Amino acid sequence: VLSIAISDDVVFAVGTDLAVWQQPLSNMTTETHWRHCAKGSVEKIVVHGGKLYAVAYDKRIWLQDLQHMTRETDWELVSGGDVLDLAVSQYGFHPMSRPMHGQGGLTGLEFFNP
């Protein structure tokens with residue numbers, strides 16, 4: 001597992017195959033099975049405000065609404081490139097980017113709230 005996010009009673013995970021998988025958290029055991037739940041390949045995920053945000057191979061942030069996400073629905077592009085990771089705090093959603101030309105990247109103190 002490369003990345004995990006939880007929303008209500010559902011745990012989402014990015015597998016080593018870069019696919020997004022899910023299963024109910026309350027029933028999860030070593031015997032339960034994961035269900036492939038989203039189109040495409042991603043590296044990192046986070047849930048915020050009923051949406052699943054993901055960093056893809058292109059290092060851009062994409063999102064899907066959890067209520068409508070299927071293996072056929074498309075991801076919506078929401079940021080430019082150079083994003084390395086994602087985080088959520090009480091202040092909102094935070095992408096973490098690479099420093100550019102001696103300048104700092106986004107930190108936990110610089111917020112992105114789409």
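**Close-up 1. Salt bridges across the whole structure.** A search through this predicted model turns up four salt bridges. The general idea is simple: side chains of opposite charge can pair when their charged atoms come close. The next three views look at some of these pairs.

**Close-up 2. Asp74 and Lys39 pair up.** Here Asp74 forms a salt bridge with Lys39, and the closest N and O atoms are 2.4 Å apart. What does this pair tie together? Asp74 sits in the loop between S7 and S8, while Lys39 sits in the loop between S4 and S5, so the salt bridge links parts that are 35 residues apart in sequence. Are the two partners buried or exposed? Asp74 is exposed, with a relative accessible area of 56%. Lys39 comes out as partly exposed, at 35% relative accessibility.

**Close-up 3. Glu43 meets Lys59.** The side chains of these two residues, Glu43 and Lys59, form another salt bridge, at 2.5 Å from N to O. Glu43 belongs to the loop between S4 and S5 and Lys59 to the loop between S6 and S7, so this pair ties together parts that are 16 residues apart in sequence. Glu43 is partly exposed, with a relative accessible area of 23%. Keep Lys59 in mind, as it turns up again in a later view: it has a positive phi of about 65° in the turn of a hairpin.

**Close-up 4. Arg60 and Asp58 join side chains.** Now look at Arg60 and Asp58, whose side chains meet in a salt bridge of 2.9 Å, N to O. How covered are they? Arg60 is partly exposed at 29% relative accessible area, and Asp58 is also counted as partly exposed, at 23%.

**Close-up 5. Four strands line up in an open sheet.** Read across the sheet and the order is S5-S6-S7-S8, with antiparallel pairing. Which strands stand at the edges? They are S5 and S8 (76–77), each with a single partner strand, so one side of each has no neighbour in the sheet. Now zoom in on S6 (residues 51–55): this strand is mostly covered, as four of its five residues are buried. As a general rule, in a regular strand the side chains alternate between the two faces of the sheet.

**Close-up 6. The S5 and S6 hairpin.** S5 (residues 44–48) runs antiparallel to S6, and five bridges join the two strands. To follow the pairing, find Ile45, whose bridge partner in S6 is Ala54. Then move to Val46, which has Tyr53 as its bridge partner in S6. Between the two strands of this hairpin there are two residues, and Gly49 in the turn has a positive phi of about 60°.

**Close-up 7. The S6 and S7 hairpin.** On we go to S7 (residues 61–65), which is antiparallel to S6 and joined to it by five bridges. One pairing to look for is Leu52 with Gln64, its bridge partner in S7. How many residues lie between the strands of this hairpin? There are five, and Lys59 in the turn has a positive phi of about 65°.

**Close-up 8. A nonpolar patch on the surface.** Six residues make up this patch: Val1, Ile4, Ile6, Leu25, Met28 and Trp34, with about 560 Å² of accessible area together. Pick out Leu25, which lies in the loop between S3 (20–24) and S4 (35–36). Leu25 is partly exposed, with a relative accessible area of 35%.

Notes:
Residues numbered from 1 in each chain as written. Predicted model: local features only at pLDDT ≥ 70, side-chain atom pairs only at ≥ 80, totals over all residues. Heavy atoms only, no water. Buried < 20%, exposed > 50% of the residue type's maximum accessible area, 1.4 Å probe, protein only. Pairing = 2+ DSSP bridges. Patch = residues over 30% accessible without salt bridge, like charges linked within 9 Å, V, L, I, M, F, W, Y side chains within 5 Å. Areas by Shrake-Rupley, 256 points an atom, 1.4 Å probe, with all protein chains shown as cover.
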